[in-house]
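Here is a brief report on the fold and packing of one protein chain. Please look over the sequence and the model before reading on.

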Amino acid sequence: MRHELRPCSVGIGLGSHDLGVASHIVGLYRQGLFPVMVFTGANSPTTKERFPRGEAVHYREYALEFGVPKEAVLVEPRAANTGQNAVFSRQVLAEAGIVPESVLVVCKPYEERRSYATFKKVWPEVDVVCASEPVGLAAYAEGIGDAKLVVDMLVGALQRVMVYPEPGFTIPQEVPEDVVGAFQRLADSGFDSRLLPR
């Protein structure tokens, strides 16, 4: 989304298969952009082998290993989707006596727009800034090790940006016609393993 990074009350790292999220949020913490972070996420079929103790727990271990003080890292280990990431992170912060005015949400590069739309819907009173590891598509696909899976995930993420406002999961966002056309071409070409049922 090309948000300008600025200091926020907290950083929130959204759990996934991608350890780049943890790495990037640690780097942002070291830049002084927030004093405390929350890692949020349980497991999914794509992460249970890589992160058997849960996404948030493994992210926390990574942060501690790279020198983040344990008092600066909170863990929310139950969330199974982005809406729950927002709701449960807010609860964990409240239990710690923290009521943020702003959150810096760190996620996978292709999930920034949906993460932003979800947090603005679920947690409208906070200012939301999104960030992700600055990596190009080819390098990201190489790092994941499965280019088709990455494109499948991109297509699925875009579908959710388009359809999630109707049931009230996210705020609406304008999707240009050429982007809708690209989505349709990719979906019709078999990049469909992450699509919602039609």
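Which residue just after α2 takes a positive phi? G67 does, at about 95°. The model is a predicted one.

**The sheet**

Five strands form an open sheet with parallel pairing. Their order is β3-β2-β1-β4-β5. At the edges stand β3 and β5; each has a single partner strand, so one side of each lacks a neighbour in the sheet. On average, neighbouring strands are turned by 25° against each other, direction ignored. β1 and β2 run parallel and are joined by four bridges. G11 has its bridge partner in β2, namely M37.

**Helices on the sheet**

Two helices can be set side by side by what they touch or cross and by their angle to one strand.

| Helix | Strands touched or crossed | Angle |
|---|---|---|
| α1 | touches β1, β2, β4 and β5 | about 145° to β4 |
| α3 (residues 82-95) | lies across β1, β2 and β3 | about 130° to β3 |

α2 has buried residues too: E55, A56, H58, Y59, Y62 and A63. Seen down the axis of α2, these residues fall within an arc of 165°, so they line one face of the helix. They pack against β1 (10-14), β2 and β3 (73-76), and also against α1.

**The cores**

The largest nonpolar core has 22 residues. Which of its members touch the most others? They are L28, F34, M37, F39, A63, V68 and L104. At least two residues of this core come from each of α1 (20-30), β2 (37-40), α2 (55-65), β4 (102-107) and β5 (127-132). The most come from α1, which gives five. A second core is separate and holds 18 residues, including V38, L74, V126 and C130.

F39 deserves a closer look. Its neighbours within four places in sequence are left aside here. Beyond them, F39 is in contact with G13, A22, I25, A56, Y59, R60, A63, V73, L74, V75 and E76. Among these contacts, A56, Y59 and A63 also appear in the list of buried α2 residues. A63 also belongs, with F39, to the core members that touch the most others.

**In brief**

The parallel sheet has five strands. α1 packs on this sheet and is the main giver to the largest core, with five residues. α2 turns one buried face towards β1, α1, β2 and β3.

Definitions and conventions. Residues numbered from 1 in each chain as written. Predicted model: local features only at pLDDT ≥ 70, side-chain atom pairs only at ≥ 80, totals over all residues. Heavy atoms only, no water. Core = buried A, V, L, I, M, F, W, Y, C linked by side-chain atoms within 4.5 Å. Buried < 20%, exposed > 50% of the residue type's maximum accessible area, 1.4 Å probe, protein only. Contact = heavy atoms within 4.5 Å. Arc of directions from axis to C-beta. Pairing = 2+ DSSP bridges. Axes fitted to C-alpha atoms, helices over the stretch in contact; angles between N-to-C directions.
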